Amino acid sequence: MKAPPAELPQPTHTLASFCGYINKVFHFRDFLPNLSDARHAPDISAQSVFLALFHGFVFRLYSVPQLEADLTEPHLQRWIEAKRAFGDDVLRYSLCGFALEPLTEMLVDINRRLRRNKAFEPGRVQGRMVAALDGIEVLSSYSRCCEFCLQRRVVSLDASGNPVEQIQYYHRAVGCQIISSPVKPFLAIEWVQPGEGEDTAALRLLHALPERYGSAFFDILLLDSLYAQAPVLKLAEQLGWDLVISLKQEARQLYQSAMGLFQSRCPEHCFQEQQGGTTYEVRLWDTEGLPFTEDHPQPVRVVRSQETVTENHYRRGKLQPQTSEHEWLWLTTLDPRVFSGPQIRRLGHDRWKQENNGWNDLTQNWALKHDFLHACKHRPKVESSSGERQPVANHGLAAVTLIRCVAFALSSAFVLLHSKIFRRYSLSRREVARQLYRSLWKDPPDIRAPA
Ligand SMILES: [Zn+2]
């Protein structure tokens, strides 16, 4: 009797195929010569520091110490063209004075190529591409601060239960991300500076976007209630972006006039939606032509959704339904003849579903909460305009964040646009990262990243 055919081993991703793809499609290597930092004649180049961190993010390494441990291995050193092992002291010293503009140019070019290669076509809503802007807190500390830290007073309880007020230092950024397509790269990140509000940073980002990408890069922008402000509406109108902004009671006038109107009316749409084990009973009101504010009476449309959400929870071994009530309001400039109320609701809810967006990884796994790069006292010195030699302004956090965004965009493109193995074997993205990591150690020791 013939033995059954041996099962073929499942093919895996290799670092060589990943690098081949990003070099061919995104000309990745062409950007490396532009990278620089503020160090003087370092023996580990800025390119090697960049590649070390870039691969750390692509492999989804757990932490900086893990990257340091791997950097002692000749395989990784050859791959990133470093002459020797190096640790977090070199990473910090290089990154705190890293030139941000070449990293920004790299991210912009990658995103423009993604768009040209039609990566943002799938998932368009009524033919439109959707982006979202959100604020994200990146790290906080009670003990360390740098010149760009924001501060707040936090009250906590001491060991005897008495309230103690402490100053907490933290960093916040706003990020704009494409969210309608499977590949969801960040287009730009803007840091909130000391003494300014998050809305100011967001406006700076929105003004910078058309300079980098052109105004027609996406069509619809989803925003949080914080950004329901006249300058945002004016800018969007000028650039031809449509808006969907969630509204809260603080949005004063408009919220009140919309609620007053809706209370005397029956909902326009009533429907039920099932998602996993959760049921949504939705009642939807929709009205046009409400003035945004007295000072800026641009007519806007407001959609309100009242939702009864029923989820099944296990209690004492029994599956029991639990019901809660929710209310949402959105301001939008989208035309009701093209976008129905239920579509506005869907878009409004999409803003909250940016899971897997890269921030969680960045803050949870990269010890950024634990002061890597924060307040580096030891920094390269540069000559100021008055001729004095002073430590370079610390841009470490901004540099790491941009490198993270580049790695996130390129690994997403590799997995979602290029890999056949990913789809055929329904792998997780973490598993692809592990395969790339393992392939580094399997390849012969004389390999280099393919040029
Ligand atoms: Zn700081």
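This passage goes through the overall fold and then a few individual residues. The structure is a predicted model, so to speak only for what it supports, local features need pLDDT of at least 70 and side-chain atom pairs count only at pLDDT 80 or more, while totals for chains, interfaces and linings use all residues. Numbering starts from 1 along each chain as its sequence is written.

The protein has 15 helices and 12 strands (DSSP runs, H or I of at least four residues for helices and E of at least two for strands, numbered from the N terminus). Its radius of gyration, taken over C-alpha atoms, is 25 Å, which agrees with the value near 22 Å for a compact globule of 451 residues; that rule is 2.2 Å times the number of residues to the power 0.38. Of the 451 residues, 36% are buried (20 or more other C-beta atoms within 10 Å of the residue's own, against 12 or fewer for exposed and in between for partly exposed, with C-beta atoms placed from the backbone).

Phe 414 sits in helix H13, residues 396-418, and counts as buried because it has 24 C-beta neighbours inside 10 Å. Leaving aside residues up to four places away in sequence, Phe 414 touches Phe 18, Tyr 21, Ile 22 and Ser 419 (contact means C-beta atoms, placed from the backbone, within 7 Å).

Two loop residues stand out for their backbone. Most residues other than glycine have a negative phi. Ala 41, between helix H2 (28-31) and helix H3 (46-58), has a positive phi near 40°, and is exposed because it has 4 C-beta neighbours inside 10 Å. Arg 60, in the loop between H3 and helix H4 (64-70), has a positive phi of about 55°.

Definitions and conventions
Contact = placed C-beta atoms within 7 Å.
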